[in-house]
Amino acid sequence: MDFKTSNAEGPVDFINVDDLEKMAQKVVPKGAFGYIASGAGDTFTLHENFRSFNHKLIVPHTLMDVEEPETKTTFAGEELTAPMIMAPVAAHKLANEQGEVASAKGVADFGSIYTVSSYSSVDLPEVTQALNGAPEWFQFYFSKDNGINRHIMDRVKEQGIKAIVLTADAMVGGNRETDARNGFTFPVTLPIVQEYLPDSVGKTMDYVYKSAKQKLSTKDVEFIAEYSGLPVYVKGPQSKEDVDRALSAGAAGIWVSNHGGRQLDGGPAAFDSLQEVAKAVDHRVPVIFDSGIRRGQHIFKAIASGADVVALGRPAIYGLALGGSVGVKQVFEKLQAELKLVMQLAGTQTVEDIKHFELRDNPYDPAFSTLNDLKLF
């Protein structure tokens, strides 16, 4: 299959992440961009992910003796430049010919954790080499065959990967109507899962998902933890009940996510779910949050609501499309700069201070959630 996408590598001139999305649309083929950017069904949940951050307000604080806020934090035994890690995203070669090699380098250069997807378009050794010693996690789409699962975990351990992330909310693909309209099928190989998915090229995302195990249970978490000996983060819990099941199975951490609004349309915004999940976790294990992060204030609000770190997905992929490894690093740097500004104005010196910051409920009509909604410009 002939597929041409960006091969960019170098600095990107942009003001914010929303600008990056519009710019990336011009360099990534239509079907691939639709797959990356779109959500499920009517995209209600996709858009609620953005709007929900306005359900809470950051009250500025003065006379707080704060200067040059520090974004560095320790998470999972790693020193991070800021409380941001790379979320697992399938098939980076859709956005840039360098694929995950460039993404990994950008994240490593920034100073964070890189999470490689089972559906990576670059094999594990190449990703690990690009990280050059930076911490690496592995996101697991489970096979129906435990022999294959053991083999993949053996490879993961051989690479020195430090944690496994079990995605529990994507047993089947969401109702991706944009992909259907575009006739999108995968134009790139997925080498990590070749054993149970040897013919991914030319197949739909739904076919790819259905090749993995749908009937996930707490026993799968137990199996991964016991066989791998690695910490297992369960990705997808959005309720107290989900938290209870995951922790009872031995999960080492909870990753709050609604898959970027790409799975169950009509579900809650991830930020709203975070508050319920963090309360249920009650500091027993680390909490990671993704879905909808586009601003420094989003990171601040997520951490103030119980997340230890946030994970970036689409924003990093847009940076990859436009600037390769440099573009990925720039996205992390831009959001770090925005976070520092918010920290200064909110009177918080450290990430730990953010965790103790009390957000205020927004008393205003949620229908008027952004400047664009108000049509001021």
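## How α4 and α5 pack

In this predicted model, helix α4, spanning residues 100–110, packs against helix α5, spanning residues 124–131, at an angle of about 30°. Angles under 35 degrees count as roughly parallel, and the two helices are therefore roughly parallel to each other. Their axes lie 8 Å apart, and the crossing of α4 and α5 is right-handed.

Which residues of α4 and α5 meet? From α4 come E100, V101, A104, K105 and A108. On the α5 side, the partners are E126, V127, A130 and L131. Sorted by class, the contact of α4 with α5 has 6 nonpolar and 3 charged residues, with no polar ones.

## Aromatic pairs

Now for the rings. The count of aromatic pairs comes to 17. One of the pairs to look up in the structure is formed by Y119 and Y141: this pair is stacked, with 4.3 Å centre to centre and 15° between the planes.

Where do Y119 and Y141 sit along the chain? Y119 is in the loop between β5 (114–117) and α5, while Y141 is in the loop between β6 (136–140) and α6 (146–158). The two tyrosines are 22 residues apart, and their pair links distant parts of the chain.

## The annotated domain

For the wider setting, UniProt, in an unreviewed entry, places the feature "domain: FMN hydroxy acid dehydrogenase" at residues 9–364. Over residues 9–364, helix makes up 41% of the chain and strand 12%. The end C-alpha atoms of residues 9–364 are 43 Å apart.

Definitions and conventions
Residues numbered from 1 in each chain as written. Predicted model: local features only at pLDDT ≥ 70, side-chain atom pairs only at ≥ 80, totals over all residues. Heavy atoms only, no water. Axes fitted to C-alpha atoms, helices over the stretch in contact; angles between N-to-C directions. Helix = DSSP H or I, 4+ residues; strand = E, 2+ residues; numbered from the N terminus. Parallel < 35°, antiparallel > 145°, perpendicular 65-115°, else oblique. Left-handed = near helix turned anticlockwise from the far one by under 90°. Contact = heavy atoms within 4.5 Å. Nonpolar A, V, L, I, M, F, W, Y, C, P; charged D, E, K, R; others polar. UniProt positions renumbered as here; feature names shortened; annotations may be inferred. Phe/Tyr/Trp six-rings, centres within 6.5 Å; stacked < 30°, edge-to-face > 60°.
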